[in-house]
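Here is a friendly walk through one protein model. Have the sequence and the 3D view open, and we'll take a few spots in turn.

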Amino acid sequence: MELLSIKKLDLENKKVFIRCDFNVPMDEFGNISDDRRIRSALATINYCLDQDCAVILASHLGRPKGEIVAKYSLAPIARRLQQHLKRHVALATDVVGEDALKKAKELPRHEVLLIENLRYESGETKNDEELSKKLASMADFFINDAFGVSHRAHASVEGIAKFFDNNHKAAGFLLQREIQFFGKLMNNPTRPFAAIVGGSKVSGKLEALTNLLPRVDKVFIGGGMAFTFLKQMGYNIGNSLVEDDLLEDAQKVMDKARELGVKFYLPVDVIAAEKFAEDAVSKIVTAQEIPDNWMGLDIGPATVRLYREGLNDVQTVLWNGPMGVYEMDKFARGSTKIAHFVADSYATTVVGGGDTADLVQRIGLDEEMSFISTGGGASLELLEGKILPGVAPLIVQD
Ligand code: AMP
């Protein structure tokens with residue numbers, strides 16, 4: 001899949017609207033706790049500035065749901081951007097109101113304007129055409145560099161693209177990199193190719209698993225989703241998370257894996273606890289013998305060893321979803337050990353965004369992975385084989 005490239009646009013001296021994803025996590029004091037998403041957007045912004053452009057940036061932050069909510073203002077983003085770009089970033093007081101439109105119109109080249117939180121406008125998440133049109137009216141070119149929201153048909157992501165022809169829109173460098181990485185993974189991975197799939201539920205990952213099966217050589221299951229498979233195998237899973245309505249689907253996944261010759265690994269032991277809490281009494285039990293009323297909250301040490309053995313010879317690893325409740329130190333060991341092993345391997349290692357990216361960053365292994373996606377939901381939809389609504393208008397048709 002080839003995307004319209006920013007490199008092919010005649011941007012010199014023009015006004016460019018860049019949809020970014022500055023939806024960064026904030027701590028309880030309102031400080032940005034991780035600015036990876038801001039840093040990831042710099043390549044595209046700097047490229048446009050180097051082309052003598054006037055640059056208009058737009059993003060959402062949190063979920064203000066169409067209301068102006070002060071704590072979701074992009075002011076902290078503007079300040080952080082200013083530090084990274086080492087130049088002034090003007091912040092409009094609204095999204096498509098008088099201030100934003102005036103500032104955008106008067107914006108000279110080499111200057112950067114950030115408009116306010118797109119989700120202050122209720123039309124953003126409704127893909128409202130009027131809103132798209134107003135946003136589009138601000139610039140000559142539209143660049144989508146917001147991979148993290150490209151699975152959403154929103155006014156600034158999908159709707160806006162209609163107002164630009166193919167010579168006036170493109171994917172930014174970040175979006176292009178994300179799509180390329182996942183494209184290579186899905187269509188032409190270096191083998192053996194393993195998927196490590198974890199997280200809370202089967203339901204959230206069923207489509208991705210089904211789509212991945214014909215492409216991978218091995219699958220390693222962890223997290224809460226493992227228990228639906230283990231229950232289907234007739235094991236006693238105690239009080240562990242389970243989706244009874246998906247037992248049959250779990251069986252189908254296992255049958256399909258067998259049919260395709262894909263090695264399907266499930267935990268052989270777990271860390272079980274009496275309750276879902278950091279201070280819970282916990283013990284290591286085999287997957288066959290989780291006591292009644294106890295719940296499995298992490299993979300056990302034998303599973304870690306087994307998965308390491310299985311991962312030993314792989315050349316490509318895709319990891320989506322933690323192996324346990326990694327937010328609690330007590331149940332983060334399985335994920336941590338797998339993360340270290342994956343990071344130390346010579347394989348190409350791709351980490352889906354969201355929780356897995358958060359986990360890898362917490363351990364400080366982010367630099368060791370080949371690629372960490374900036375979008376959890378968006379990367380999952382790519383793994384499901386979907387064409388993202390924000391990407392579709394930027395595909396080169398031949
Ligand atoms: P997901 O959003 O589906 O990727 O799931 C991520 C969440 O799964 C994390 O918040 C983990 O705490 C949770 N999780 C992982 N393992 C378990 C488990 N064994 N039981 C309950 N929740 C889990």
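## Helix 3 and what sits around it

Let's start just past the end of a helix: lysine 86 follows helix 3, and its phi is positive, near 55°. Keep in mind that this is a predicted model, so the angle comes from a prediction too.

Now step back into the helix itself. Which residues of helix 3 (residues 75–85) are buried? They are Pro76, Ile77, Ala78, Leu81 and Leu85. There's a handy rule for reading a list like that: an α-helix has 3.6 residues a turn, so residues three or four places apart point the same way. As for what covers the buried residues of helix 3, the list includes two helices, helix 1 and helix 2 (42–50). It also includes strand 2 (54–58), strand 3 (89–91) and strand 4 (112–114).

## The largest pocket

Next, look for the open spaces. The largest pocket holds about 920 Å³ of space, and 35 residues line it. Nearest its centre you'll find Asp21, Asn23, Val24, Pro25 and Arg37.

Helix 1 (36–40), helix 12 (354–363) and helix 13 (376–383) are the elements that give two or more residues to this lining. Which of the elements gives the most to it? That's helix 12, with five residues. Sorted by class, the lining of the largest pocket has 15 polar, 11 charged and nine nonpolar residues.

## The second largest pocket

The second largest pocket has a volume of about 570 Å³. It is lined by 31 residues, and those closest to its centre are Gly199, Ser200, Lys201, Pro322 and Asp355.

Helix 12 and helix 13 turn up here as well, along with strand 12 (295–299), each supplying at least two residues of the lining. This time helix 13 gives the most, with four residues. By class, the lining of the second largest pocket divides into 17 polar, 10 nonpolar and four charged residues.

## Serine 335

Last stop: serine 335, which you'll find in helix 11 (residues 333–344). Is serine 335 buried or exposed? Its relative accessibility is 0%, so it counts as buried; the cut-off for buried is under 20%.

What is serine 335 in contact with, leaving aside its neighbours within four places in sequence? The answer is Asp298, Trp319, Pro322, Met323, Gly324, Tyr326 and Leu359. One of these may ring a bell: Pro322 is also among the residues closest to the centre of the second largest pocket.

Notes: Residues numbered from 1 in each chain as written. Predicted model: local features only at pLDDT ≥ 70, side-chain atom pairs only at ≥ 80, totals over all residues. Heavy atoms only, no water. Buried < 20%, exposed > 50% of the residue type's maximum accessible area, 1.4 Å probe, protein only. Contact = heavy atoms within 4.5 Å. 1 Å grid on protein atoms, 1.4 Å probe; cavity = no way out; pocket = protein on both sides within 12 Å on 5 of 7 lines; lining within 4 Å. Points joined across faces, edges and corners; volume = space filled by probe spheres on them. Nonpolar A, V, L, I, M, F, W, Y, C, P; charged D, E, K, R; others polar.
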